[in-house]
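Thanks for sharing this one. Here are my notes, starting with the ligand and then moving on to the charged pairs.

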Amino acid sequence: MKKCIGNFFFFSLCLVLSGMTSCVKAQSCSDDKATSETRALYENLYSLSKNFTLFGHQDDMAYGVNWKYQEGRSDIKSVIGEYPAVFGWDIGHLELGKKENLDGVPFDKMKGFIREAYRRGTVVTISWHLNNPLTGGSAWDTTHLTVKSLLEGGSRHILFKGWLDRVADFLKDLKGAHGEYIPVLLRPFHEYTGNWFWWCQNACTPQEFKALWKFTIDYLREEKGLHQLLMVLNTAHIESRQQFDLRYPGDDVVDVISMDTYQQGKTTNTEFIQSARKQLQLLQVISEEKKKILALAETGFESVPDKKWWSEVLLPVLRGIPVAWVLVWRNHGYQESTGKMHYYAPYPGQVSADDFKFFSSTPSIFFENKIRERNIYRLSK
Ligand code: BMA
């Protein structure tokens, strides 16, 4: 009898331990050589996302509406007194060896901002509006067969490797105070379910897209030795599980499943909330099944015309869904090319500024101060 009880306890202990290990394993990032800061970022974002969402802003420290490169300035900070928790940057044109990105942000300054963001304990995410390597056109040149030309044996394969070398050099130059690499949520080939970039679903086959994704990540990891990356897969509008599965490149090369969606034109708040939630809920099911992080990598309403947009639209979109971060796009200000004001975050005096203050005090939304307290680059014991 005693022996039986002993066996029973031993058996139960094994069950608990195996449950624990599978749990820990399920929450680890896709690169088994990831640096400890990167693993910590993954695990902390994963667990925080069950209750909290980090707020992010593109190009936040570089410029805002009616200002550029003023040290310590940020439109978000001017409204609520603290920086965002996530900083988004874009490295489009880095591949060409240019000194500035496609929106005129100097890469040297960008590196400085990224180091500063890491020092503050906040999170860095990078997208890449890379030119079309087949035609020399922009990211928006959807010439078919571009993706095929980048793959092994393709006419632009060597050129593309050179572009990735430049990306790798940039990322290797991002280090913290102790020489450790700064973890980056890398979001290449974004909005691939759209039809406006050369890597989108209208311009390449599922096999080509998956091969491009895998080649890119393998090259950065294995050839260039980068192990500070969390890979962010990013859809535009997403209809169904079947559509998602068709281009999913694999659990070993994806850490975050994310989407972009903007409120536009005459879409009502209710319509936008319903559509965004439907898509997020679809991705929630997939990310929970795969133990990946879920994110709303880009959203917003250009020039935020609704003074309650934050509390009456964005909060209802996020409610009850484990979204790790939500990022609004850049505060360019007046845009000559479109003749419109192009910005997505409020600034002092903007119609939605008061509502944004309210939004920022919501316990489930994190800005700089709350994320810093969490030490997200340290593994919890
Ligand atoms: C778009 C706009 C463009 C910009 C691009 C890359 O959505 O903001 O003006 O060039 O993103 O940042």
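1. A polar side-chain atom of Asp103 sits 2.5 Å from an oxygen atom of the ligand, counting N or O pairs within 3.5 Å as polar contacts. Please keep in mind that this is a predicted model, where local features need pLDDT of at least 70, side-chain atom pairs count only at pLDDT 80 or more, and totals for chains, interfaces and linings use all residues. Residues are numbered from 1 along each chain as its sequence is written, and side-chain values use heavy atoms, with hydrogens and water left out.

2. Two other side chains offer an N or O atom to a ligand oxygen: His342 at 2.6 Å and Gln335 at 3.1 Å. On its own the ligand exposes 310 Å², and the protein buries 77% of that (Shrake-Rupley areas, 1.4 Å probe).

3. Who surrounds the ligand? The residues are Asp103, His129, Trp140, Trp329, Arg330, Gln335 and His342, near meaning a heavy atom within 4 Å. By class, this shell has two nonpolar, three polar and two charged residues; here Trp counts as nonpolar, Asp and Arg as charged, and residues outside the nonpolar and charged lists as polar.

4. Now the salt bridges, meaning a side-chain nitrogen of Lys or Arg within 4 Å of a carboxyl oxygen of Asp or Glu. The count comes to 17. One of interest joins Arg221 and Asp31, at 3.8 Å from N to O. This pair links distant parts of the chain, 190 residues apart: Arg221 is in helix 7 (residues 206-223), while Asp31 is in the loop between helix 1 (2-26) and helix 2 (36-48). Helices are DSSP runs (H or I, at least four residues), numbered from the N terminus.

Definitions and conventions. Polar contact = N/O pair within 3.5 Å; in protein donor to acceptor, adjacent residues only side chain to side chain. Helix = DSSP H or I, 4+ residues; strand = E, 2+ residues; numbered from the N terminus.
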